[in-house]
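Let's take a friendly walk through this model, one region at a time. Have the sequence and the 3D view open beside you as you read.

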Amino acid sequence: MGDTLVRVQDRFPEHVIEAATSHGDDTVVLHRAGLVPVLTFLRDDLGFTLPLDVTAVDLIGMAPGKPESRTAPLHPMFHTQSLPLLGVVEGHRFEVVYHLRRMADGALVRLKVLVPADDCVVPTSTGVFKGLAWFEREVFDMFGVRFQGHPDLRRILNYPEFVGHPLRKDYPRRGHQPLLDMPGIQGDPIPAAPAPVVETAPVAVLPKDDAHPEYSTINMGPSHPAMHGTVRIKLKLDGEVVKDADIEIGFLHRGFEKMCEAGTWNQVVPYTDRLNYVSPLINNVGYVGTVEKLLGIEVPIRCQYIRVFCSEIARVADHLTAVGAQALEIGAYTPFLWAMQAREELYFLMEFITGARVTTCYTRVGGLRYDLPEGWQDRYVAAEKVVEARMVDMEALLTRNRIFIDRMADVGVMGPIDAVAYGFTGPCLRASGVDYDVRKNLPYLVYDRLDFDVPIGTKGDNLDRYLVRMEEIRQSLRMCRQILTDIPDGPVNVDDWRVVLPPKDAVYNTIEGMIAHFELIMKGTPVPKGDAYFAVEGGNGEVGFYVVSDGSGFPYRVHCRPPCFAIMQGLKDMIVGGMLADVIPTFDGINMIGGEIDR
Amino acid sequence: MPTLTIDGREITVEPGTRIIEAADRLGIDIPRFCYHPGLPVAGNCRMCLVDTNRSPKPVASCWDPCQEGHVVTTNSPRILEARRSVLEYILLNHPVDCPICDQAGECELQDLYFAHDHQASRHPFHKHHKDKARVLGPQIVYDAERCINCTRCIRVCEEVAKAPQLVQVQRGERAYIDVFPGTQLDHPYSMCTADVCPVGALTTRDFRFKCRAWLTHGIQTVCGECSRGCGIRADVYRNEVQRLVPRHNPDVNQYWACDHGRLAYHRFETGRVAAVRIGGATTDYAKGVREVAEALPGAALRGVAVVLTPWMTDEDAWAVVTAIRSVAPGATFAVGGAAPGAADEVLVLADKNPNRNGLARVLADLAVTPVALDEIVAQAPALGALIVFGAEHAKAEALAGALARVPLSIVLAALEGPLTAAARFVFPSTSPYETDGTWVNEQGVVQRVRRAVQPAGDVRDFAVWASDLADRLGQPLPAPARASGGNP
Amino acid sequence: MVKVKVVERPPADLVVQSWLPELWKGMKVTGRHFFVNLLTQKGIVTSQYPEVKRVYPPRTRGKHRLMRREDGSVRCVACFMCSTACPADCIRIVAGQRDDENEKFPVVFEVDFIKCVFCGMCEEACPCDAIRLDSGVHRAPAYTRKDELNGKEDLLSLGSLSVARQGGDLK
């Protein structure tokens with residue numbers, strides 16, 4: 001048992017129900033009364049200062065039910081109506097799951113609070129970590145668990161008039177919402193909305209301030225060319241100065257986490273393309289890495305090199321888009337087009353390798369869809385030449401440009417302590433001067449074999465974010481060049497037909513291959529019961545996946561921890577006090593990707 | 001009462017219990033092909049081998065009876081290798097048929113290979129070819145290449161159906177199953193052979209190529225074709241019943257069901273009453289209920305007669321009687337139903353209605369003494385209203401005549417027929433696969449009929465119609481009559 | 001070896017603050033692009049579509065095609081692997097019986113291109129090499145929803161002979 005678990009148990013014996021390490025993750029199951037003291041202890045005494053995530057799991061589908069008399073598997077895709085409620089697991093229905101990170105050594109701790117259905121209230125963690133505010137809102141929105149003491153407990157991804165809590169297991173995938181009044185479209189009946197356990201007064205957003213009649217409240221977005229994602233920022237302005245702001249997201253919420261429960265483990269991969277859709281390969285890699293952690297398997301070394309290569313070219317594409325858009329929206333159109341030209345080369349390379357520019361769907365549990373094609377090295381070298389040439393041109397126009405510097409320097413400042421408290425990761429955190437990078441602090445795949453630099457900023461302003469991203473592009477290309485020479489030959493998939501589809505000649509010609517193929521497609525790879533969290537360094541920061549398995553080939557719960565979700569919480573602090581025109585480069589500097597933040 | 005240990009877990013069983021049965025009770029899954037809990041033991045597949053302290057060689061747990069002090073191991077390396085070898089042996093000549101075989105998704109060979117073998121083939125030679133897609137009878141097709149010769153089908157015919165129509169012919173790798181020359185596999189339980197077949201050797205013609213098993217979801221319900229009430233599972237895909245298979249119910253039908261009951265869902269595929277009709281003209285449900293509610297009190301002055309059907313659930317019966325009585329306390333009730341038919345010594349009973357018993361209990365509870373059906377037919381000219389539930393009545397022609405003579409004639413039925421043609425008001429009602437409620441079978445076993453298919457349009461349960469009518473009459477029923485229990 | 005590196009901010013010296021030297025340097029870059037493109041067109045990335053079409057890499061996933069056997073019959077045996085693997089549930093198959101050794105064939109095989117996301121999981125799932133996404137044909141828009149339903153004939157029209165050897169009889 002890890003040191004963390006021992007110390008928590010010793011300090012709070014009355015609160016801890018269970019402490020164990022599951023697949024390498026230290027997990028503590030607590031009574032809800034102990035949540036705030038344990039969180040405070042972890043933050044102040046044990047160094048877990050980075051709040052990653054709060055999510056929940058509806059355990060009702062895990063309750064044992066009587067088996068059918070004949071084995072007929074139930075592929076979830078074709079059953080849109082909800083499962084009948086089988087029963088409650090030992091008095092509690094929900095598990096509220098917290099993840100915290102100690103940046104120094106990359107250690108993770110997971111806390112779980114068990115909540116009964118008729119009393120689903122948990123004390124808020126926002127007093128300890130302000131960066132968990134939006135995550136708690138999401139748990140409330142999706143599961144109906146209320147957080148007592150939360151300053152702003154509103155729905156975040158669904159619209160306010162939404163009825164019910166969609167990630168509950170008794171909410172059907174095609175649940176019909178009352179506001180949906182379209183002829184010919186009739187969804188499935190939804191369960192009645194649960195009565196609130198704790199009455200919370202409706203939150204007044206940007207209330208009218210009688211002391212300042214000169215303030216005006218305007219909408220920035222969602223129909224705004226710079227609010228790509230989409231996002232809506234409600235601003236309270238005093239002339240051009242931002243006095244207060246409220247960020248509204250959820251416009252691109254498509255029910256990713258619900259759809260993950262609709263198929264096998266591999267059928268989730270096309271959905272992960274559509275999370276951060278500017279660097280989809282990173283999401284592909286992150287998701288299958290989590291399932292492989294739960295399965296306890298390691299992919300062959302060549303596969304690891306390929307996954308790193310793909311992640312890095314995706315990262316370059318992501319940063320080129322971020323930097324290009326940031327320049328574009330303060331008026332620099334030419335560097336944007338050069339960034340797009342460079343990105344185009346990379347998209348062609350991705351299509352060359354995976355078959356599609358953006359909807360790559362390349363990784364599979366246990367390996368990849370196929371190996372790299374012949375000629376990939378030459379293709380990469382050709383792409384890299386263009387990217388580097390356009391980078392030089394972009395920097396020549398931007399980095400020492402007075403207008404650019406004046407618009408970006410000291411604008412949108414976020415200091416390191418606040419950044420960590422908000423749960424910032426990625427280029428935004430590093431721009432604030434904190435040197436946390438999942439590839440460095442918690443190396444995965446073959447990052448520990450590569451030489452690269454992790455750039456950090458000093459002031460945490462927009463200029464630092466721009467500079468960090470530009471340097472990261474160079475470092476990614478440096479890593480790719482190393483991979484070109486270092487990548488070994490060998491197999492790309494694990495050699496186990498319970499995980500990976502057999503090769504096609506075995507499927508066509510042998511009954512064994514055919515049966516393994518059928519079982520994997522019909523029922524998926526059986527993953528042992530349990531849960532796991534795994535993170536990769538995405539374009540925006542730590543992209544974490546938390547998966548729960550009920551022992552079958554169909555995921556029970558898949559949760560994505562989006563890096564820009566945490567960062568957008570901090571946007572308000574970064575724009576309040578600044579000018580209206582500064583909102584745009586600051587927002588661009590965060591590089592919010594709608595698919596990732598809203599899922 | 002011997003006590004034995006299986007994989008370190010102790011259990012005490014009745015004398016004569018086989019090791020595999022004891023393991024099943026402990027939740028330890030010993031793989032098997034030829035063993036079936038409802039059939040006599042054969043012991044030919046060798047998949048269920050276990051190590052015991054009573055024998056130097058592995059023993060067949062389906063055969064070996066439990067003894068005092070038995071120590072059984074089901075997962076030693078030798079046993080795991082034995083299982084793998086048995087599977088490899090069976091697969092040597094097994095055709096690469098999964099894409100065209102209906103059993104895919106519920107095939108015990110597929111599942112056991114995946115769980116216990118999952119190795120590549122070591123067999124570079126030709127496979128032995130036999131007859132494929134041979135029709136053995138009106139309901140069954142046989143593929144000899146897929147057959148693993150477990151003989152479950154032969155034992156089903158001999159022991160369950162008491163009609164030994166199948167035999168195993170030839171020997172060794174040439175063995176296969178066949179019927180006697182000039183005969184067919186045509187006893188009333190022939191489809192049970194496809195149920196027990198662990199692979200796709202025996203498949204039903206009714207389900208052939210219709211739908212893939214893993215696309216369906218199964219709803220546990222009860223067959224309504226006779227008063228035995230065999231437990232069945234309705235496999236549904238895209239809101240249509242694709243097939244019915246028997247469900248294990250130790251109190252009623254064990255593992256079996258007759259072919260007739262399993263094919264009964266076809267009856268409800270066509271000829272459904274599609275919409276509410278008043279005087280032959282289609283209208284909507286709300287209007288239909290409203291007009292009945294307006295006309296019924298007046299008709300009640302002359303007299304209301306109701307023909308109930310022993311197909312209706314207990315909830316339907318309670319709701320209907322209560323609702324009608326609220327406006328017509330003197331209403332007379334009769335019980336109709338399908339005519340009796342042939343019975344056999346296995347499962348089929350003569351009463352071809354599923355809930356006569358349950359209906360009688362509900363009527364007794366509500367202090368209703370049903371009159372004879374003939375009496376109602378005779379009374380017809382004097383009646384104000386005649387309401388008939390269900391279309392399958394033995395005396396349908398007489399009832400149709402009676403309906404024609406009554407001013408307010410109402411029929412609620414799922415299928416069109418002489419009754420729906422004769423009535424002024426016609427309401428579409430649910431088929432047995434759309435109904436949800438309680439049936440009590442002839443033995444007195446209370447069972448839950450579950451909705452497998454969502455009804456379309458204005459189709460309603462009798463109970464829902466009665467409840468809506470009662471609302472319209474200003475006398476809402478005390479609580480929705482909904483079943484809440486479940487089948488095992 | 002991973003090193004942490006602090007990024008270098010542009011200096012607030014006279015060169016940067018007076019913006020004219022940087023303006024000149026910037027214009028040299030844009031000017032270079034301008035004159036190279038004007039005189040040689042070497043840097044122009046716009047392609048003159050449709051006279052010049054972009055070359056798709058061999059793995060590009062385009063419209064589906066159904067493959068045939070040597071005797072010209074459709075290779076698909078309606079096993080439903082593709083429709084099960086499809087994350088968008090966009091393949092509709094109705095199976096029918098054939099009188100030869102292949103036993104099963106698709107009476108209806110329809111792909112709904114409104115729902116299809118061209119992920120290629122159907123191609124991966126097919127145990128018969130019956131469906132492929134390598135036609136190289138870009139999905140074309142249609143005017144009605146009905147036109148988006150591509151049936152067996154449409155998909156076979158792009159198809160050709162597949163020589164995948166199948167069935168367990170190894171020579």
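**Two helices in chain A**

In chain A, the residues A:P280, A:L281, A:I282 and A:V285 of helix 6 meet A:R307, A:C310, A:S311, A:A314 and A:R315 of helix 7; a contact here means C-beta atoms, placed from the backbone, within 7 Å. Of the residues in this contact, six are nonpolar, one is polar and two are charged. (Ala, Val, Leu, Ile, Met, Phe, Trp, Tyr, Cys and Pro count as nonpolar, Asp, Glu, Lys and Arg as charged, and the others, Gly among them, as polar.) Helix 6 covers residues 280-295 and helix 7 residues 301-329, and the two pack at about 145 degrees with axes 7 Å apart. Axes are lines fitted to C-alpha atoms over the stretch in contact, and angles run from 0 to 180 degrees between N-to-C directions.

A word on the source: this is a predicted model, where local features need pLDDT of at least 70, side-chain atom pairs count only at pLDDT 80 or more, and totals for chains, interfaces and linings use all residues. Residues are numbered from 1 along each chain as its sequence is written, while chains are lettered from A and ligands numbered from 1 in the order in which they are written.

Now turn to chain C, which has five helices and six strands, DSSP runs of H or I (at least four residues) and E (at least two), numbered from the N terminus. From the N terminus, their order is β-α-α-β-α-β-β-α-β-β-α. The C-alpha trace of chain C spans about 90 × 45 × 40 Å along its principal axes.
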